[in-house]
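Subject: A structure for you to look at

Hi there,

Here is the structure I promised to pass on to you. Have a look at it first, and then read my notes on what was found in it.

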Amino acid sequence: MTNNAGEHLRMGAGLGRLNGQVAVVTGAESGIGRATARLFAREGARVVCADVAERGNPRTDRLIEADGGEAHFLLGDVSQKAVCEEMVSTAIDRFGGLDVLYLNAGTGVRKKLHEMSDEEWDHVINLNLYGVYHGVQAVLPHFMEQGHGNIVITASSFGLRASPRYPSYSATKAALVNLTRQLAVDYGPEIRVNCVCPGPIDTNRIREFPPRPRPIDEDQRYEAGQRVAALHRMGQPEEVAYCVLFLASEESSFVTGHALVVDGGQTITVQ
Ligand SMILES: NC(=O)c1ccc[n+]([C@@H]2O[C@H](COP(=O)([O-])OP(=O)(O)OC[C@H]3O[C@@H](n4cnc5c(N)ncnc54)[C@H](O)[C@@H]3O)[C@@H](O)[C@H]2O)c1
């Protein structure tokens, strides 16, 4: 499914859907964020890639530049207000504006509630909720002043359904689905706000606390795929990226407050 550059084979040539636009992507060094930052750039956007660590090899901004695009890497923890403010000001200072904010960085801890420490609970709340709260709050003055803007948030299929031993993750992702609707109501018609709800996507899944990658092997990949009701496989980051691109572009001009499920059919059945 992937080519030598590690891209999904459906990652095609850019069609200029984001020509002249500036985008910020959080969690841009891995998985869905990395694929989306690359796709945004291929579609003509200049991209600020924010991440708490330099995980990509090569770093995502360098990959974009090698592909002929323009990008800037911002190292920082996006659960921090100051980092979110820096993301927005960097986009404006470096690229002259900001049109699309993709709040994607997120985490989870696989434990039942009674097993969780306060530290683990706070870690998930801080990134999944405060990362979005601070990000949106930082960008709103700019979007309101210019009279337009587009926000996309990464929620999850687990924001729509429960999953065993995932209380903080499911709770925060469900909150993001309804926050998306709330923001769409409060800031339309100038600003559109949507979220994606991915199912199992084949990424490094830098989850748990302290954060560490949980790459999966072939057997786990196969088993995870078999649990997906209709398409019987895991998704690739690029398959989410194209949905984010749709929401971020004018092709979705009459879509707002929407939770776009990208899960291969995972949530359409009761097992
Ligand atoms: N992979 C899946 O199956 C799946 C399914 C549903 C939803 N999601 C959601 O998609 C998003 C991306 O997941 P992924 O699997 O692509 O991730 P990943 O684990 O591959 O990458 C996450 C990236 O976010 C960065 N990050 C972590 N904490 C950060 C912080 N505090 N500040 C800035 N950056 C930070 C990491 O360094 C990493 O580069 C998350 O919100 C996740 O909850 C993933």
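Let me begin with Arg165, which sits in the loop between β5 (149-154) and α5. Helices here are DSSP runs of H or I with at least four residues, strands are DSSP runs of E with at least two, and both are numbered from the N terminus. Arg165 has a positive phi of about 60 degrees although it is not a glycine. Its surroundings are partly open: Arg165 counts as partly exposed because 15 other C-beta atoms lie within 10 Å. For that term, a residue is buried if 20 or more other C-beta atoms lie within 10 Å of its own, exposed if 12 or fewer, and partly exposed in between, with C-beta atoms placed from the backbone.

Two things to know before you read on. This is a predicted model, in which local features need pLDDT of at least 70 and side-chain atom pairs count only at pLDDT 80 or more, while totals for chains, interfaces and linings use all residues. Residues are numbered from 1 along each chain as its sequence is written.

**Other backbone details**

His232 also has a positive phi without being a glycine, with a value near 55 degrees. You will find His232 in the loop between α6 (218-226) and α7. His232 counts as exposed because it has 12 C-beta neighbours inside 10 Å. Gly44, which follows α1, has a positive phi too, near 105 degrees.

Where are the cis peptide bonds? One joins Asn57 and Pro58, with omega about 0 degrees, and Pro58 belongs to the loop between β2 and α2. Another runs from Gly188 to Pro189, with omega near 0 degrees; Pro189 lies in the loop between α5 (167-187) and β6 (191-198).

**The sheet**

Now follow the strands. They form an open sheet of 7 strands in the order β3-β2-β1-β4-β5-β6-β7, with parallel pairing. Two strands are said to pair if DSSP finds at least two bridges between them. Why is one side of β3 and of β7 (259-262) left without a neighbour in the sheet? These two stand at the edges and have a single partner strand each, so nothing in the sheet flanks their other side. On average, neighbouring strands are turned by 15 degrees against each other, direction ignored. That angle is between axes, which are lines fitted to C-alpha atoms (for helices over the stretch in contact), and angles run from 0 to 180 degrees between N-to-C directions.

You can check some of the pairing yourself. Strand β1 (residues 22-26) runs parallel to β2 and is joined to it by 5 bridges; Val25 has Cys49 in β2 as its bridge partner. On β2 there is also a parallel pairing with β3 (residues 71-75), over 5 bridges, and here Asp51 stands opposite Leu75 in β3. Together, β2, helix α2 (residues 60-66) and β3 make a right-handed β-α-β unit. Right-handed means that, with the strands pointing away from the viewer, the path from the first strand over the helix to the second runs clockwise.

**Around the ligand**

Which of the 30 residues around the ligand come nearest? They are Gly27, Ser30, Gly31, Gly106 and Thr203. A residue is near a molecule or strand if its C-beta atom, placed from the backbone, lies within 6 Å of it. The elements that give two or more residues to this shell are α1 (31-42) and β2 (46-51), and α1 gives the most, with 3 residues.

**Two helices**

In α1, 12 of its 12 residues are buried. Its 12 residues should span 16 Å at 1.5 Å a residue, and this agrees with the 17 Å between its end C-alpha atoms. The expected span is 1.5 Å times one less than the number of residues.

Helix α7 (residues 237-248) is mostly covered as well, with 10 of its 12 residues buried; among them are Pro237, Val240 and Leu245. For α7, the expected 16 Å agrees with the 16 Å between its end C-alpha atoms.

**One last residue**

Is Val78, in the loop between β3 and α3 (81-95), buried or exposed? Val78 is buried, because 28 other C-beta atoms lie within 10 Å. The C-alpha atoms of Val78 and Val261 are 24 Å apart, with these positions 183 residues apart along the chain.

Enjoy exploring!
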